[in-house]
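User: Please go through some local features of the model shown here, giving the criteria behind each term.

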Amino acid sequence: MPTPSLAALPIRRLTLRDLTACADLSENRGWPREEHKWGFLLTAGKGYGIDDPDGGLVSACAVTEYGPHDRPDLAAIGMVLVADRHARQGIGRRLMRHVVSAMGTTPLTLHATPYGRPLYEELGFKVTGRAEMLVGHFLPGGPTPRIATRPATAEDLPAILRLDEEVFGADRTHIITRLPAFADQLRVAEEGGRITGYTAAWPNMDTHVVGPLIARDTETAKALITSLAAHTDRPLRTDIDVRHEELLAWAKERGLASVAFNAVMTYGIGELPGDWSRRFAPLTVAAG
C-alpha cells in the first residue's frame, strides 16, 4: 500500500495512551523525553497529533485552557513538535492552523523559540514579552531572606487559588490542584497569617523546575526560590519574565546561568491578563 500524503493524514486528539509516543517525538527532535511533563499536559489539557503510518507520531502539541470550561478565558499552546524526518514540509503549520481554528475565539498564548517564532508570526501571533531560561545549581549565600516560607498544606489551597487567579488573570483550579501530586515541593510565603506568594518545584529529567512562581514582590520571590533550593540537590531550572530584572540578576549571582530566551506571544488579545508584576515564572512554558 502506498504511504498516504502527509496532508491527508488526520489530526486527532491525543490521550494519556500517547504518552510514550509524545516522549519519543521529543527525543527525536533532540529534546529531553520529559514524560512527567507530557503526562501532566495530556491529563490537565488537550493533546493534538498526527499519526505516522510507519508508527509513532508525525507531529504533536498540547493545549491548556483556563477559565470556564465551556468558554475559556485563555489557552496556552506548547510542545509543538514535528518528527525530524517530516520537518520543513508544512506539518507544523497545518497542526497549528487546526488548533487555532479549534479554539475559536479563545485568546491564545505561547512561548516561541527563535526557530518557531516565524511560523507563529505568519499565523497572526504577536510578540508581547520575553522570558529568560535559567539553569544551574543554586549557591547559598547573601543576606538571609526576611520573608517567612513553609511547605503548603491542604488548608492553604483556597488561599493559593484566590491569589493565583488574581495574579494570573484566569481560573487555573484544574492546574493548581494537581500541583501536590505533580511537584516534589509546594511552598508558600506568609506574612501575618496571609499567603503572599507560592511556588513549586517539579521534577523534569535531572532538574527541578521552579514554577509557578507568584509573589507579592521580588524579595518574596527570592525567599521562595531559596526555600526550594534548600530542599533539593538537583539543578534548578526556571523561565523568568525579563521585566523582573532584579530577580534575574540575583538568580545569576546564586549560580543559575542563562541558557535561552523565548518570545511570549499572544493571539486574539493585546497582552496577557493578570498582574505581571507578581507573576515571575510559569508552571512551564508549555502551559503558560
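The questions and answers below deal with cysteines, backbone geometry and one residue's surroundings.

Analyst: This is a predicted model, in which local features need pLDDT of at least 70 and side-chain atom pairs count only at pLDDT 80 or more, while totals for chains, interfaces and linings use all residues. Residues are numbered from 1 along each chain as its sequence is written, and side-chain values use heavy atoms, with hydrogens and water left out.

User: How many disulfides does the structure hold?

Analyst: A disulfide is a pair of cysteine sulfur atoms within 2.5 Å. The closest cysteine sulfur to that of C22 belongs to C61 and is 9.5 Å away, which is too far for a bond. The number of disulfides in the structure is therefore zero.

User: Which residue does a cis peptide bond join to G211?

Analyst: Most peptide bonds are trans. Here omega is about 0 degrees, in a bond whose second residue lies in strand 10 (residues 207-215), where strands (E, at least two residues) are DSSP runs numbered from the N terminus. The residue joined to G211 is P212.

User: Is M79 buried or exposed?

Analyst: Buried means under 20% relative accessible area, exposed over 50%, and partly exposed in between, computed with a 1.4 Å probe on protein chains only. M79, which is placed in strand 4 (residues 74-82) and has a positive phi of about 55 degrees although it is not a glycine, has 6% relative accessibility, so M79 counts as buried.

User: Which residues does T284 touch, leaving aside those up to four places away in sequence?

Analyst: T284 is found in the segment after strand 13 (279-281) and is buried, with a relative accessible area of 7%. With contact meaning heavy atoms within 4.5 Å, the residues that T284 touches are K37 and W202.

How values were computed: Helix = DSSP H or I, 4+ residues; strand = E, 2+ residues; numbered from the N terminus.
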